[in-house]
Amino acid sequence: PEPHPRVRLHHKESDSLHIRVGGAGLPLLHPDRYAASVLSAVLGGGMSSRLFTEVRERRGLAYYIGAQHGQYVEAGSLFSQAGVDIKRADEAVTTIVAELQRIIDEPVPGDELEKARNMLKGRLVLGLEDPRSIVAFGLRTTILEGAPREIPEVLAGLDAVTGDDVARVAKELLSPDKLRMAAVGPFDDEKHFEALLA
């Protein structure tokens, strides 16, 4: 078998399919880490995000959907995660892939970019409202990044992200040849889903 297959299915009898579509992200200290965070927020950071609007609201293809940029010291992951009806699984995958391609091909409008940045900043600030969260943030940045990060530094990093940054990082991380899919549900034909990623 391939050392890194494009599609990995775990067979489980169910009336839904739980999928992740995406690929490698950026490590914790990468210069484009803020752009990758904004990219994931535009794609699937809330109820006004592209994936939520197109896949769940307009087409009714997903029970839940979102996107996430996971960062680790030496690696990262950027993916959309969704739960979909098995009868509409193909349409769900192709619609998600189309949205990932669209963010490469079309510039993100300024108002959409601003909304994504503000959502990320709001979550960060609200998540640090109690002393334990502030201590955890300081410890995490000190241990994983080598020095404590100040909140204004993070906010400034998000504010500095431009539409060109998002497009560049999207092209780097989400081009069709880099997409992978993992899923749990009542399917076995990995080649079938691999064709949907093209």
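Let me start in helix H3, residues 89–105, where Glu99 and Arg102 both sit, three residues apart, or about one turn of the helix. Helices here are DSSP runs of H or I with at least four residues, strands are E runs of at least two, and both are numbered from the N terminus. Generally, an α-helix has 3.6 residues a turn, so residues three or four places apart point the same way. And this pair does meet: Glu99 forms a salt bridge with Arg102, with 3.1 Å between the closest N and O atoms. By salt bridge I mean a side-chain nitrogen of Lys or Arg within 4 Å of a carboxyl oxygen of Asp or Glu.

Before going on, a word on what we are looking at. This is a predicted model, so local features need pLDDT of at least 70 and side-chain atom pairs count only at pLDDT 80 or more, while totals for chains, interfaces and linings use all residues. Residues are numbered from 1 along each chain as its sequence is written, and side-chain values use heavy atoms, with hydrogens and water left out.

Back to our pair: is each partner buried or exposed? Glu99 counts as buried, at 7% relative accessibility, whereas Arg102 is partly exposed, at 28%. The cut-offs are under 20% relative accessible area for buried, over 50% for exposed, and partly exposed in between, using a 1.4 Å probe and protein chains only.

The count of salt bridges comes to 14, and I'd like to show you a couple more. Lys121 and Asp159 meet through their side chains at 2.7 Å, N to O, in a salt bridge. Lys121 belongs to helix H4 (residues 110–126) and Asp159 to helix H6 (residues 151–159), so this pair ties together parts that are 38 residues apart in sequence. Lys121 is buried at 16% relative accessibility, and Asp159 is partly exposed at 39%.

Then there is a network of salt bridges linking Glu54, Arg58, Arg59, Arg88 and Glu91. Within that group, the side chains of Glu91 and Arg88 form a salt bridge at 3.3 Å, N to O. Glu91 is partly exposed with a relative accessible area of 31%, and Arg88 is partly exposed, also with 31%.

Now please find Arg50, in helix H2 (residues 50–58). Arg50 is buried, at 6% relative accessibility. What does Arg50 touch, not counting residues up to four places away in sequence? Its partners include Val42 and Leu43, our friends Glu99 and Arg102, and also Pro107, Val108, Pro109 and Glu112. Contact here means heavy atoms within 4.5 Å.

Leu43 takes us to helix H1 (residues 33–44), since Leu43 is one of its buried residues. Of the 12 residues in H1, 12 are buried, so the helix is largely enclosed by the rest of the structure. Its expected span is 16 Å, and its end C-alpha atoms are 17 Å apart, which agrees. That expectation is 1.5 Å times one less than the number of residues.

On to the empty space. Rolling a probe the size of a water molecule over the atoms shows where empty space is left. The search uses a 1 Å grid over the protein atoms alone: a cavity is a set of points where a 1.4 Å probe fits but cannot get out, a pocket is an open set with protein on both sides within 12 Å along at least five of seven lines, and lining residues have an atom within 4 Å of a point. Points are joined across faces, edges and corners, and a volume is the space filled by probe spheres set on the points.

The largest pocket has a volume of about 680 Å³. Its lining holds 26 residues, with Ser37, Gln71, Leu124, Arg140 and Arg149 nearest the centre. Which element gives the largest share of that lining? That is H5, with seven residues; H5 is the helix at 131–145.

There is one cavity of 30 Å³ or more, and the largest cavity has a volume of about 40 Å³. Leu43 turns up again in its lining, along with residues including Val21, Gly22 and Leu100. Strand E4 (76–85) gives the most to that lining, with three residues.

Last stop: Ile19, in strand E2 (residues 16–24). Ile19 is buried, with a relative accessible area of 2%. Ile19 and Ala92 are 73 residues apart along the chain, and their C-alpha atoms are separated by 9.6 Å. Beyond four places in sequence, Ile19 touches residues including Ser80, Val93, Ile96 and Met181.
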